[in-house]
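Okay, can everyone see the screen? Let me put the structure up, and then I'll talk you through it.

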Amino acid sequence: MDTPQVISTVQRKYILDLLKQGKRMDGRGFLDFREVRIDDDLIPKAEGSASVHLGDSFIITGIKYDVGTPFPDSPDEGVATCMAEFIPFASPMFESGPPDVEAVEVARVVDRGIRHGDCIEYKKLCIKAGELVYILFIDMYVMNHAGNLIDTGAISSMTALLTTKLPTAKIEDGKAVWNGGYMLVPINQIPLSVTFGRIQDYVFVDPVIDEELVLDGRVSFAVNEKGQICSMQKSGEITWTEEELIKYSKIAVEKVNELRNKLNLRQYVPKL
Amino acid sequence: MTILIPEEYPKKLIDKNGKRLDGRALDELRPFSCKIGVLANADGSAYVEHGKNKIYAGVYGPREVHPRHLARPDRGIIRVDYRMTTFSVHERKSPAPNRREREISKIIEDALAPTLFLELYPNSAIEVYVQVIAADGGTRCASTTAASLALADAGLPLKSLVAAVAAGKADGEIILDLGDLEDKAGTADVPAAVRMIDEEFTLLQFDGEMTPEEFEKSIKLIKKGAREIFAKQTAAIKEKFDTVRKETEEENKKIEKLVPPEEKITHASGTKEEEKAGEEKSDKAEEIKEEKEDPSDTKEEEKKPKKEKEEKKSEENK
């Protein structure tokens, strides 16, 4: 990102003054998410897809698959990988080119939320142990950057995975061929994430872009339906105390459960 | 890549009744719709659905050129970055940019430049980013159509809009607006963009086999298709500015209600004691009501423009 991320001193002071009064620039409380809008199954050639708006943040995620060889340490398990690309029109700060460190961070944090915590049942993505498994590509495209891409990305990735229909395979002459049927991605748990931003001693969820530019640091938690934390990411040049981390991990579980219940993502599961 | 369901191409693209795979007539466009102002951050943006193509275009600029050595001291430059998402096509596309995307970016640059006044922006760049979310044949045309709309949405002065569509040949017939399978399995594909003000061509490619007579027929079909797309482009621009106008009118009405008449402003800003504030408010409300009911005010307002008109007339007479 060659264009530096800057914000005016006036705006910085305004955000801080509001926080001191217990307010935020868009009128939300410290623990309120922005409105979420979801459109599912919008891309005919993707196996699954979702378009998610979190406020003005806007991500389109599509799922494609490949049949390939499993990792040697998990020969009977499929694979899922996340990628995030910041399209230059999403923000005046973005430039074309290979994904920069921020895009990689978004992809990896979302990836870790999905990889752990019993989200996908990878054993059901195996066609022939040790030889052929499904490889799922979860590709996120940031269409508009208005802050908190990690949580937006998590919602859009999970929705896209839930909408996914994979062609089922049989083995013929040692090769995988289509047997005419389809299956859903076997999903046990729906992990979603919540990101806390911190400016001085003020901590709040779902920062908007202007708040992000002022942030001293942030910490993200992914939580599954069992109420277990399945990934964390501390970011920014600040430190957190033990008490703070414990406090916010507990709030994170509450907030994610609240968000998951509100969104009811399983409504997007297609009928086969 | 190993995919389980290979793409299959039909042998016949046009049936006995002269209908195409999706039931279209030979000279019929696919369903087309477009919208502008769809992305919050970009200076201008557009979304186009052309058949099953879904395309977003966003514009920034004119702004500083990076890297600097590309800047030209006598005029601005236009840069287009056409990209496809990995999931827009049947077999996952690699996320890295490829030669095809580079070439299409270049031809879209050349298609849009003749509509801009680039000499107005020395040392600057107008950057257009096009992202194909879903592809269904003819993405370069739909992208050009979308990019031109995004430039208009950015408020840049334009000589004209550009509308793009392909013609081609399949099963010996000349057809308009090739779909994905017609593009892949047909005998010729002629994507083109038309600058609508003079109907000159700003983008032209050709891939396949055709006689000059067939090419002539194709080019006429392209112009016909472009006119239909242009009508929808202008409608989309009007739609946005109609809603903006309605919003501003409504806001103006709200503001008119909020702002008290001049005399009351001085009254309120005076050093009156706070205790009287409540009384003042009720006074104001009554006065506002009176004003609404009082017809003399409106008459005065009506008189003003009349007077102005009379003055103008008298000037003209002189």
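I'll go through the interface, then the sheets, then a few backbone oddities.

One thing up front: this is a predicted model, so please keep that in mind throughout.

Right, the interface of chain B and chain A. On the chain B side we have 36 residues in contact with 39 residues of chain A. Together the two chains bury about 3,100 Å², and 62% of that is on carbon and sulfur atoms. If you want names to look at, take B:Leu4, B:Phe87 and B:Arg92: those three supply 25% of the area that chain B buries against chain A, more than any other three residues.

What about the polar side of things? The count between chain B and chain A is 17 residue pairs in polar contact. As for which parts of chain B are involved in touching chain A, the elements giving two or more residues are strand S3 (53–64), strand S4 (77–84) and strand S5 (124–134) of chain B. S3(B) has the largest share, with six residues. And if you sort that side of chain B by class, you get 18 nonpolar, nine polar and nine charged residues.

So how many salt bridges does the rule find across this interface? Three. Here's a salt bridge you can zoom in on: the side chains of B:Arg83 and A:Glu85 meet at 3.5 Å, N to O.

For the whole structure, over all chains, the search turns up 44 salt bridges. Let me show you another pair, in chain A: A:Glu47 with A:Lys64, again side chain to side chain, at 3.5 Å, N to O. I like this pair since it links distant parts of the chain: A:Glu47 sits in the loop between strand S1 (36–40) and strand S2 (48–54) of chain A, A:Lys64 is in strand S3 (residues 57–68) of chain A, and they're 17 residues apart.

Okay, on to the sheets, starting with chain B. There's an open sheet of five strands there, in the order S1-S2-S3-S5-S4, and the pairing is mixed. At the edges you have strand S1 (32–36) and S4 of chain B, each pairing on one side only. Neighbouring strands are turned by 15 degrees against each other on average, if you ignore direction. S4(B) and S5(B) run parallel and are joined by eight bridges. If you want a spot to check the register, B:Tyr82 has B:Val130 as its bridge partner in S5(B).

Now for what packs on that sheet. Helix H2 (residues 139–153) of chain B touches S1, strand S2 (44–50), S3, S4 and S5 of chain B, and its direction makes about 45 degrees with that of S3(B). Helix H4 (residues 212–258) of chain B packs there too, touching S1 and S2 of chain B, at about 35 degrees to the direction of S1(B).

Over to chain A. Here we have an open sheet of four strands, in the order S10-S9-S11-S12, with antiparallel pairing. The edge strands are strand S10 (202–205) and strand S12 (229–235) of chain A. The average turn between neighbouring strands of this sheet is 20 degrees, direction ignored. Strand S11 (residues 217–223) of chain A pairs with S12(A) over six bridges, in the antiparallel sense. In that pairing, A:Ser220 has A:Gln233 of S12(A) as its bridge partner. Helix H5 (residues 242–263) of chain A packs on this sheet, touching strand S9 (192–199), S10, S11 and S12 of chain A, and its direction makes about 135 degrees with that of S9(A).

There's also a hairpin to look at in chain A. Strand S7 (residues 165–172) and strand S8 (residues 175–184) of chain A run antiparallel, joined by seven bridges. The bridge partner of A:Ala169 in S8(A) is A:Trp178. Two residues lie between the strands of the hairpin, and A:Asp173 takes a positive phi near 55 degrees.

Which brings me to the oddities. Most residues other than glycine have a negative phi, and most peptide bonds are trans. A:Gln200 has a positive phi, near 50 degrees, and its place is in the loop between S9 and S10 of chain A.

And where are the cis peptide bonds I wanted to show you? One runs from B:Gly61 to B:Pro62, with omega near 0 degrees, and B:Pro62 lies in strand S3 of chain B. Another goes from B:His66 to B:Pro67, with omega near -10 degrees; B:Pro67 is in the loop between S3 and S4 of chain B.

That's my tour, thanks for listening.

Notes
Residues numbered from 1 in each chain as written. Chains lettered and ligands numbered in written order. Predicted model: local features only at pLDDT ≥ 70, side-chain atom pairs only at ≥ 80, totals over all residues. Heavy atoms only, no water. Contact = heavy atoms within 4.5 Å. Buried area = accessible area lost by both parts, 1.4 Å probe. Salt bridge = Lys/Arg side-chain N within 4 Å of Asp/Glu carboxyl O. Polar contact = N/O pair within 3.5 Å; in protein donor to acceptor, adjacent residues only side chain to side chain. Nonpolar A, V, L, I, M, F, W, Y, C, P; charged D, E, K, R; others polar. Pairing = 2+ DSSP bridges. Axes fitted to C-alpha atoms, helices over the stretch in contact; angles between N-to-C directions.
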